Amino acid sequence: METTNVKVKQFLSKFFRKHELQDDEDIFSLGFVNSLFAMQLVMFLEKEFGIKVDNKDLDMSNFKSINAICELVDRKAS
Amino acid sequence: MELTEKQLQWKDEFRAFVDEVVVPHADVHDREQYLEPQVIQKMKEKGYLGSMLEKKYGGMELDWVTIGILNEEIGRGCSSVRNLLTVHGMVALAILRWGSDEQRNHWLSTMAAGEKIGAFALTEPEVGSDAKNVQTTAVLSDDHYVLNGHKKWITMGQIADVFIVFAQCEGKPTAFLVERDSPGLTTTPIDSLLGSRGSMLASLHFENCKIPKENMVGTVGIGLSHVGLHCLDYGRYTVACGCVGLGQACLEQSLQYARSRKQFGSVLGENQLIQKMLTEMTVNVKAARLLCYHAGHLKDQIDPDSIMETWNAKYFASKMVNQAASDAVQIHGANGCSGDYPVERYLRDAKINEIIEGTTQIHEMLISKNSLRNT
């Protein structure tokens, strides 16, 4: 989980260069990401963690924060 | 970046196919504003309509660089045939990525074989770049969704068997598969366009159009953010590669003309001002091709950066081909303004590429914001 957290944070850091993103902070409310972000995030998660994000995972609550993303990865990988 | 031996073999095959099958019909496609059925049939026989799909569905399962080469070569021969590959692939890939198992099993084999043709229906009379504000609506009623609205400029809308349609559902952009014979759907051909005139565009009118509720692709609200942008990523990549092919056609035609046309006692190629245009065309086509290969290579690596690199490639390639086509006409002089040479068609087709799959100005907004944030 800790490794997942580091990798997710590292990926997100390029979108939040001027902001120290907290683990429970709502990514989408900060206004940093554009319309392509959702697609880029899904590609990153699938490649980095070898999981398959499908329709039923596409609930905003699964992607809203670093913690939520890590939980999704953990759940999909197990 | 170098191509592998296999990719080079594909390139040779695609080039030979285009010279034999596509190029001889390109002027007819432009003049008569339709695609010759025998050209589509030969594309099917080669499996090109399944170029983007996996072998388990009967597709060619090409790597992304090779998909790019296919679209470059087809684009060299005819922009409208390349448009067919683009919009058909957009629908197929949406189903592959975000469709249900039932949708994949129902559609993908027949789409790979070209027995069913797909088309992408996002744009409306009042909504172009501002895609998330489409006005078409979809309302659940028992076991059906009922669609109402109007789509315009739908490439291959005259011949497609199935459309991926974007509509507001519960107030959120959502994607649906709508078959051509759905009750309440009518199509009207659009003709006399500036370029890509063989692309068989249509308007789609949905009047209480009923479709099974299982035809939703993905879930409510992901129509644009996931389904639509996934389609458009492929669309943008194949348009960019098509621009490289069209630029190559401008270059080859210009070189041929500059070698043979004599003025002031020598061929045009001896004139330094002509040489300047040929130089810029040569180098810019190569640069656009490398951007496309790079985007394709990143796609093969499933790299999230492939998305922005595809935007970069499409931006550069579509601008490049407009300059290349303009210079090609200039080199040809009055001959270039006539139907006796293909360069006047190249110029008209080139312009379309700065409008479809995101205008040049939308690219400038997005690419600059990305650079400001990341660099």
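The following exercises treat the contacts and salt bridges of a predicted model.

In this predicted model, local features need pLDDT of at least 70, side-chain atom pairs count only at pLDDT 80 or more, and totals for chains, interfaces and linings use all residues. Residues are numbered from 1 along each chain as its sequence is written, chains are lettered from A and ligands numbered from 1 in the order in which they are written, and side-chain values use heavy atoms, with hydrogens and water left out.

**Exercise 1.** Describe the interface of chain B and chain A.

*Solution.*

Step 1. Contact means heavy atoms within 4.5 Å. Chain B contributes 23 residues to the contact and chain A contributes 22 residues.

Step 2. Buried area is the accessible area (1.4 Å probe) that two parts lose on being put together, summed over both. For chain B and chain A this area is about 2100 Å², and carbon and sulfur atoms give 59% of it. Of the area that chain B buries against chain A, 29% is supplied by Pro304(B), Ile307(B) and Arg373(B), more than by any other three residues.

Step 3. A salt bridge is a side-chain nitrogen of Lys or Arg within 4 Å of a carboxyl oxygen of Asp or Glu. The rule finds two salt bridges across the interface of chain B and chain A. Lys14(A) and Asp305(B) meet in a salt bridge through their side chains, at 2.8 Å from N to O.

Step 4. Helices (H or I, at least four residues) are DSSP runs, numbered from the N terminus. On the side of chain B that touches chain A, helix H4 (79-98), helix H6 (223-260), helix H8 (305-332) and helix H10 (360-374) of chain B each supply at least two residues.

**Exercise 2.** Explain how domain 1 and domain 2 of chain B meet.

*Solution.*

Step 1. Chain B is divided into domain 1 (5-112), domain 2 (118-221) and domain 3 (224-374), with bounds from an automatic or database domain assignment. The C-alpha centres of domain 1 and domain 2 of chain B are 22 Å apart. The contact takes 22 residues from domain 1 of chain B and 23 residues from domain 2 of chain B.

Step 2. The area buried between these two domains is about 1800 Å², with 64% given by carbon and sulfur atoms.

Step 3. Across this interface of domain 1 and domain 2 of chain B, the rule finds one salt bridge. Asp30(B) and Arg197(B) form a salt bridge, with their closest N and O atoms 3.7 Å apart. Helix H1 (5-32), H4 and helix H5 (101-112) of chain B each supply at least two residues of the side of domain 1 that touches domain 2. The largest share of that side, eleven residues, comes from H4(B).

**Exercise 3.** Which residue counts as buried, and which is partly exposed, in the salt bridge of Asp27(B) with Arg345(B)?

*Solution.*

Step 1. The closest N and O atoms of Asp27(B) and Arg345(B) are 3.0 Å apart. The pair links distant parts of the chain, 318 residues apart: Asp27(B) is in helix H1 and Arg345(B) in helix H9 (residues 343-352) of chain B.

Step 2. Buried means under 20% relative accessible area, exposed over 50%, and partly exposed in between (1.4 Å probe, protein chains only). Asp27(B) is partly exposed because its relative accessible area is 33%. Arg345(B) counts as buried because its relative accessibility is 5%.
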